[in-house]
Amino acid sequence: MASSKKTSAPITPEGESSGSTKDRVVKMAIRLFNEHGTSAVTTNHIAAELGMSPGNLYYHYRNKEDLIRAAFDDMNEEADELWESPFGPAGIDVARLLEG
């Protein structure tokens with residue numbers, strides 16, 4: 001799972017170097033969980049993909065369970081934002097559709 005090429009600076013899954021470390025860890029965890037399943041991904045895999053030490057990851061998240069909870073919260077927050085939008089998740093005017 002760990003990439004064979006090393007980078008000089010940790011990157012996000014999107015290839016950007018911005019964002020808080022906690023955000024980058026969660027986004028990478030979600031990507032790896034989606035690709036390989038939660039049981040196949042360890043915190044060491046996530047740390048390696050981000051180019052950070054496992055200790056740095058553990059500074060932000062005590063264990064894999066905490067990381068899964070943070071990923072779940074992050075995904076729920078994104079879903080809530082989409083559904084609270086007047087145009088819904090696909091840019092559709094939901095209120096207009098519900099009116100008939």
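In this predicted model, the side chains of Glu-65 and Arg-69 meet in a salt bridge, with a nitrogen-to-oxygen distance of 2.5 Å. Both residues sit in helix α4, where a spacing of four residues places them about one turn of the helix apart. Glu-65 has a relative accessible area of 46% and is therefore partly exposed, since that class lies between the 20% limit for buried residues and the 50% limit for exposed ones. Side chains of opposite charge can pair when their charged atoms come close. The pair in helix α4 belongs to a wider set, as the count for the model comes to five salt bridges.

Helix α1 offers a second pair for inspection. Here the side chains of Glu-35 and Arg-31 form a salt bridge at 3.1 Å, again taken from N to O. These two residues are likewise four positions apart, about one turn of helix α1. Glu-35 counts as partly exposed because its relative accessibility is 46%, and Arg-31, at 28%, falls in the partly exposed class as well.

Arg-31 also has a partner outside its own helix. Its side chain meets that of Glu-49 in a salt bridge of 3.6 Å, N to O. Because Arg-31 lies in helix α1 and Glu-49 in helix α2, this pair ties together parts that are 18 residues apart in sequence. Glu-49 has a relative accessibility of 13% and so counts as buried, the cut-off being under 20%. Taken together, Arg-31, Glu-35 and Glu-49 are linked in a network of salt bridges.

The helices can also be followed into the nonpolar interior. In soluble globular proteins, nonpolar side chains tend to be buried together. The largest nonpolar core of this model holds 17 residues, and Val-25, Val-26, Ile-46 and Leu-67 are those with the most contacts inside it. Two or more residues each are supplied by α1 (residues 21–36), α2 (residues 43–50) and α4. Helix α1 provides the largest share of the core, with seven residues. Readers tracing the model may thus find both charged and nonpolar links in α1, given that Arg-31 of this helix pairs with Glu-49 of α2.

Finally, attention returns to charge, this time on the surface. Asp-73, Glu-77, Glu-78, Asp-80, Glu-81 and Glu-84 form a negative surface patch. One of these residues, Glu-81, lies in helix α4, which spans residues 64–84. Helix α4 is also home to the salt bridge partners Glu-65 and Arg-69.

How values were computed. Residues numbered from 1 in each chain as written. Predicted model: local features only at pLDDT ≥ 70, side-chain atom pairs only at ≥ 80, totals over all residues. Heavy atoms only, no water. Patch = residues over 30% accessible without salt bridge, like charges linked within 9 Å, V, L, I, M, F, W, Y side chains within 5 Å. Areas by Shrake-Rupley, 256 points an atom, 1.4 Å probe, with all protein chains shown as cover. Salt bridge = Lys/Arg side-chain N within 4 Å of Asp/Glu carboxyl O. Lys, Arg positive; Asp, Glu negative; His and termini not counted. Charge placed at Lys NZ, Arg CZ, Asp CG, Glu CD. Core = buried A, V, L, I, M, F, W, Y, C linked by side-chain atoms within 4.5 Å. Buried < 20%, exposed > 50% of the residue type's maximum accessible area, 1.4 Å probe, protein only.
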